[in-house]
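Me: I want to see how each label on this model is earned. Give me the cut-off, then the value, then the verdict.

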Amino acid sequence: MASEYRNIYTLAMASPLSIAACYAFVPVDEAALAALREDLMLFGKKIQLQGLVLIAPEGVNATVAGSAEAIQEWKAYVTEHFGPTVFKDSKSEGKVFRRWSVKIKEEIVGLKDTSIRPAGRHRHLSPEEWQEVINKEEVIVLDARNDYETALGKFRGAVDPGLRTFGEFTEFAQSSALPKDKKILMYCTGGIRCEKALLAMEAAGYEDVYQLEGGILAYLERFPEGEFEGECFVFDHRVAVDQYLRPSQIYDLCPHCGDPGDQMIECFCGKKKKICSLCQKDDVCQTCSKRCAGELRQKLARV
Ligand SMILES: [Zn+2]
Ligand SMILES: [Zn+2]
């Protein structure tokens, strides 16, 4: 029995994990969210999914990993519950998520403004259309992501709004000095943030705004050697992907602040680790973990 299990396990590890990311802005009855969460938890456990699912009155946002068969079942589940949904597929040789979790949220992407409710395709450009427009027309390209993401890479010449969190976007849109008579092309990682950011721009009086459908990830799939420069931050253990969508060789998550780090240090405990350039300025953070940082802090206090 035990060896049979081991065989199954080895087999599972040998074939890469399938990953499916999706979002859908579909109204969900607030009273039904708790039951939906329960159902999703059971469903995921039954077919051994890992990943994170966010559900909210405005819809669903999920990145889920599992066997190829399990991902097929997952897609059928999502389509049944939320209607036709576009999935972004990828593969990973290693584990992507530690566990299966389903969370109830106010929003599936945190603009901190529930009055903005995307509905249906609105001013989308496919990667092909996007490529054509940025090469042919005079446009402003606007990055809707956070500062630790733009620091790793962005579209050539893109405006960086300098956000620490996406919740700051509405304020940026309202106080922005960007000209209202120019065409603005917006993008984010996978497209979901732009669904809201574009509406926030419209609410602030921008009329000629468009969003990149499927975000940077869809663009790189089509144009790896196009206008996107550097790496693209992703919200899983890969930290970032390069222009060919391969896991980053440059960045690791800084153990002190969680931002991407590319500064290799050797901790007093002997471990090597990459930390971010901001934390590198702090002596106590020349360490491999929060725990070692704490120890070092105590040692320094005693001196
Ligand atoms: Zn840091
Ligand atoms: Zn250490």
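Reply: Helices are DSSP runs of H or I with at least four residues, strands are runs of E with at least two, and both are numbered from the N terminus. Just after helix α7, G205 takes a positive phi of about 105 degrees. This is a predicted model: local features need pLDDT of at least 70, side-chain atom pairs count only at pLDDT 80 or more, and totals for chains, interfaces and linings use all residues. Residues are numbered from 1 along each chain as its sequence is written, while chains are lettered from A and ligands numbered from 1 in the order in which they are written.

Me: How do you know that the span of helix α7 agrees with its 12 residues?
Reply: The expected span is 1.5 Å times one less than the number of residues. For α7 (residues 192-203) that gives 16 Å, and the end C-alpha atoms are 18 Å apart, so the two agree.

Me: What makes F169 count as buried?
Reply: A residue is buried if 20 or more other C-beta atoms, placed from the backbone, lie within 10 Å of its own; 12 or fewer make it exposed, and values in between make it partly exposed. F169 has 27 such neighbours, so it counts as buried. F169 is found in helix α6 (residues 169-175).

Me: Why does E69 count as buried or exposed?
Reply: E69 has 10 C-beta neighbours inside 10 Å, so it is exposed. It is found in helix α3 (residues 68-82). E69 and I47 are 22 residues apart in sequence and 8.9 Å apart in space, C-alpha to C-alpha.

Me: What makes α7 mostly covered?
Reply: 10 of its 12 residues are buried. Among them are I192, R193, C194 and E195.

Me: Which elements do the buried residues of α7 pack against?
Reply: Contact requires C-beta atoms, placed from the backbone, within 7 Å. The buried residues of α7 pack against β1, β3 (59-66), α6, β9 (184-187) and β10 (209-212). F169 touches A197 and A200, among others.

Me: How does α7 run relative to β10?
Reply: Axes are lines fitted to C-alpha atoms, for helices over the stretch in contact, and angles run from 0 to 180 degrees between N-to-C directions. α7 lies across β9 and β10 and runs at about 175 degrees to β10.

Me: How do you know that β9 and β10 pair?
Reply: Pairing takes at least two bridges found by DSSP. β9 and β10 have 3, in the parallel sense. One pair of partners is I184 and V209 in β10. The sheet is open, with 4 strands in the order β6-β10-β9-β7 and parallel pairing. β6 (124-125) and β7 (140-143) are edge strands, each pairing on one side only.

Me: Why do β4 and β5 stand at the edges?
Reply: Their open sheet has 5 strands, in the order β4-β1-β3-β2-β5, with mixed pairing. β4 (87-92) and β5 (100-104) each have a single partner strand, so one side of each lacks a neighbour in the sheet. From one strand to the next, the twist averages 10 degrees. β1 and β4 run antiparallel and are joined by 6 bridges; I19 stands opposite S90 in β4.

Me: What makes up the largest nonpolar core?
Reply: A nonpolar core is a set of buried Ala, Val, Leu, Ile, Met, Phe, Trp, Tyr and Cys residues joined through C-beta atoms within 7 Å. The largest has 67 residues, in which L185, M186, Y187 and C232 touch the most other members. Strand β1 (residues 17-25) gives the most, with 8 residues. Domain 1 (2-104) and domain 2 (124-233) both give residues to this core, so it lies between them. A second, separate core of 8 residues includes I275, C276, C279 and C288.

Me: Where do the domain bounds come from?
Reply: They come from an automatic or database domain assignment. That assignment also gives domain 3 (252-302). The centres of domain 1 and domain 3, taken over C-alpha atoms, are 34 Å apart.

Me: Which residues form the covered face of strand β17?
Reply: In a regular strand the side chains alternate between the two faces of the sheet. In β17 (residues 272-275), K273 and I275 form the covered face, and K272 and K274 the uncovered one. β16 (residues 263-266) pairs with β17 in the antiparallel sense over 4 bridges. M264 stands opposite K274. Their hairpin has 5 residues between the strands, and there G270 takes a positive phi near 105 degrees.

Definitions and conventions:
Two residues are in contact if their C-beta atoms, placed from the backbone, lie within 7 Å. Lists of a residue's contacts leave out its neighbours within four places in sequence.
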